[in-house]
Amino acid sequence: MRWWDIDPVLELEKELFPEDAWSRGMFWSELAHARGAEATRRYVVAVEGERIVGYAGLAASGDLADIQTIAAARDYWGTGLGGRLLAELLRAATAFECAEVMLECRIDNVRAQKLYERYGFEAIGFRRGYYQPGNVDALVMRLTTDSTSGSAAGSTSGQGTEIHG
């Protein structure tokens, strides 16, 4: 993701998360930490033709990574795009040498929970009222790096929509 992607990402963000959409400033702040030798973030966009159809971001600190956001346009639900975005974040977690990847998922977003479970995430707790203003609980999930491969990334197909960092 680059600065010029923020406006189309914001449009998708507001469509998908109308109550708790990120602001332009939040995306700018995250991208400010995504470049250079001291980078601690990885943000990507999925592009089909000229349209951004998905995006995702990860923050790393020490040996812990946290998935900050992941989203696919509604007309791309069920196409595997979410899995490709997640796999890209897991590759970034491996590059950052993170042993664990954490995330929060809305308790009512069963579709996303199933995606994370397919990639090996396990539920470890809840955060009450995490998503505001709707006061919706978050399910906290964790993936521990596979000690035999040294990688948190799963295998995925590279076909279809392009993923750009």
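Where does Asn 135 lie? Asn 135 sits in the loop between E5 and E6. I'll come back to that loop. One caution before we go on: this is a predicted model.

Let's start with the overall layout. The protein has four helices and seven strands. Reading from the N terminus, the order is α-α-β-β-β-α-β-α-β-β-β. There are 165 residues in the protein, and buried ones make up 44% of them. Now contacts. Take pairs at least 6 apart in sequence. Of those contacts, 61% join residues at least 24 apart.

Next, the helix pair at the start. H1 covers residues 6-16, and H2 covers residues 24-32. Their axes come within 10 Å. The crossing angle is roughly 130 degrees. Anything over 145 would count as roughly antiparallel, and 65 to 115 as roughly perpendicular, so this angle falls to the remaining class, oblique. That is why H1 is called oblique to H2. What is the hand of the crossing, left or right? H1 passes H2 in a right-handed crossing.

Who makes the contact? On the H1 side, Ile 6, Asp 7, Val 9, Leu 10 and Glu 13. On the H2 side, Arg 24, Phe 27, Trp 28 and Leu 31. Sort the H1 and H2 contact residues by class: six are nonpolar, three are charged, and none is polar.

Now cysteines. How many disulfides does the structure hold? Zero. Two cysteines are worth a look for their surroundings. Cys 98 is buried, at 4% relative accessible area. Cys 105 is buried too, at 3% relative accessibility. The cut-off for buried is under 20%, so both labels follow directly.

Cys 105 leads us to strand E6, residues 136-144, and to Leu 139, which lies in that strand. Is Leu 139 buried or exposed? Buried, with a relative accessible area of 7%. Set aside its neighbours within four places in sequence. Leu 139 then contacts Leu 103, Glu 104, Cys 105 and Ile 107. Its contacts also include Gln 113, Ala 123, Gly 125 and Phe 126. One distance to note: Leu 139 and Arg 128 are 11 residues apart along the chain, and their C-alpha atoms are separated by 8.8 Å.

Take Ile 107 from that list. Ile 107 is in the loop between E4 and helix H4, where H4 is residues 110-118. With 34% relative accessible area, Ile 107 is partly exposed. What does Ile 107 touch, beyond residues up to four places away in sequence? Gln 113, Phe 126, Val 136, Asp 137, Ala 138 and Leu 139. Ile 107 is also 24 residues from Tyr 131 in sequence, with 9.7 Å between them, C-alpha to C-alpha.

On to strand E5, and Arg 127 within it. Arg 127 is partly exposed, at 38% relative accessible area. Not counting residues up to four places away in sequence, Arg 127 touches Glu 104, Asp 137, Ala 138 and Val 140. Asp 137 and Ala 138 are also among the residues that Ile 107 touches. As for spacing, Arg 127 and Cys 105 are 22 residues apart along the chain, and 9.6 Å separates their C-alpha atoms.

Finally, backbone geometry. Back to the loop I opened with. Pro 133 has its place between strand E5, residues 122-131, and E6. The peptide bond joining Gln 132 and Pro 133 is cis, with omega about 15 degrees. Asn 135 is in the loop between E5 and E6 as well. Its phi is near 60 degrees, a positive value in a residue other than glycine. Asn 135 is exposed, at 51% relative accessible area. The cut-off for exposed is over 50%, so Asn 135 gets that label.

Another positive phi turns up at Glu 97, again near 60 degrees and again in a residue other than glycine. Where is Glu 97? In the loop between helix H3, residues 81-95, and strand E4, residues 100-106. Glu 97 counts as exposed, at 67% relative accessibility.

To wrap up, three items for anyone checking backbone geometry. The cis bond joins Gln 132 and Pro 133. Phi is positive at Asn 135. Phi is positive at Glu 97. Thanks, everyone.

Key: Residues are numbered from 1 along each chain as its sequence is written. This is a predicted model: local features need pLDDT of at least 70, side-chain atom pairs count only at pLDDT 80 or more; totals for chains, interfaces and linings use all residues. Side-chain values use heavy atoms; hydrogens and water are left out. Axes are lines fitted to C-alpha atoms, for helices over the stretch in contact, and angles run from 0 to 180 degrees between N-to-C directions. Helices (H or I, at least four residues) and strands (E, at least two) are DSSP runs, numbered from the N terminus. Angles under 35 degrees count as roughly parallel, over 145 as roughly antiparallel, 65 to 115 as roughly perpendicular and the rest as oblique. A crossing is left-handed if the near helix is turned anticlockwise from the far one by less than a right angle, and right-handed if clockwise. Contact means heavy atoms within 4.5 Å. Ala, Val, Leu, Ile, Met, Phe, Trp, Tyr, Cys and Pro count as nonpolar, Asp, Glu, Lys and Arg as charged, and the others, Gly among them, as polar. A disulfide is a pair of cysteine sulfur atoms within 2.5 Å. Buried means under 20% relative accessible area, exposed over 50%, partly exposed in between (1.4 Å probe, protein chains only).
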